Amino acid sequence: MNKLIPWIAFVAMLCLVGSVSRAQDTANGEKTFKAKCAGCHGPDAAGKPALKSPAIKGKTTDDIKKVISTSPKHAGLKTLTADQVKELAAYLATLK
Ligand code: HEC
C-alpha cells in the first residue's frame, strides 16, 4: 500500500505541471491575440461588423492555420509559429 504513495504523488505532480503549462499557453495566446488579432476581431474576439470580421471565440488551431494560409486578410500572420497558433487556440477556447 505504501508503495502507492509515491505514484500518487507523481501523478498529481504531472497533472499540476500540465495545468500550469496550459495556463501559460493561454496567457501567451492572449498576448499574441491582443497584438495581432484584436485590431480586427475586437478585444474579446466577438468580431467587428464594420470590418466584416467574424467572431473567432473557440476557434481551433486548424481553423487558425487554415485562415492564415488561405485568407488574404491574414497574409501578415504567416510568421506566427506553430506554438503561437496553439497558444492562440488555447486562449480562444477560454472565451465564451
Ligand atoms: C486585417 C484584419 C484582420 C486581422 C489582423 C486578423 N483577422 Fe482574422 N479575419 C478577418 C476577416 C475580415 C475575416 C473574414 C474574411 C476572411 O476570412 O478573410 C477573418 C476571419 C478569421 C477566421 C475565420 C472565422 C470563420 O468563422 O470562418 C479566423 C479563425 C481568424 N480570422 C483568426 C484570426 C487570428 C487568430 C488573428 C490573429 C493572429 C486574425 N484573425 C487577425 C480580419 C482580420
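Here is a short walk through this predicted model, one selection at a time. Numbering starts at 1 along each chain, following the sequence as written. Local features need pLDDT of at least 70 and side-chain atom pairs count only at pLDDT 80 or more, while totals for chains, interfaces and linings use all residues.

Start with the ligand. It has 19 residues around it, counting those whose C-beta atom, placed from the backbone, lies within 6 Å. Pick out Cys 37, Cys 40, Ser 53, Ser 71 and Lys 73, which come nearest. Helix 2 and helix 3 are the elements giving two or more residues to this shell (helices are DSSP runs of H or I, at least four residues, numbered from the N terminus). Colour the shell by type and you get nine nonpolar, five polar and five charged residues, with Ala, Val, Leu, Ile, Met, Phe, Trp, Tyr, Cys and Pro as nonpolar, Asp, Glu, Lys and Arg as charged, and the others, Gly among them, as polar.

Next, select Ala 38, in helix 2. Leaving out residues up to four places away in sequence, Ala 38 touches Phe 33 and Pro 43 (contact: C-beta atoms, placed from the backbone, within 7 Å). Now measure across to Pro 6: 32 residues away in sequence, 46 Å in space, C-alpha to C-alpha.

Move on to Pro 54, in the loop between helix 2 (38-41) and helix 3 (61-70). Its C-alpha atom is 9.0 Å from that of Cys 40, 14 residues away along the chain.

Finish at Ile 64, which touches Lys 59, Val 85, Leu 88 and Ala 89, again skipping residues up to four places away in sequence.

Notes
Contact = placed C-beta atoms within 7 Å.
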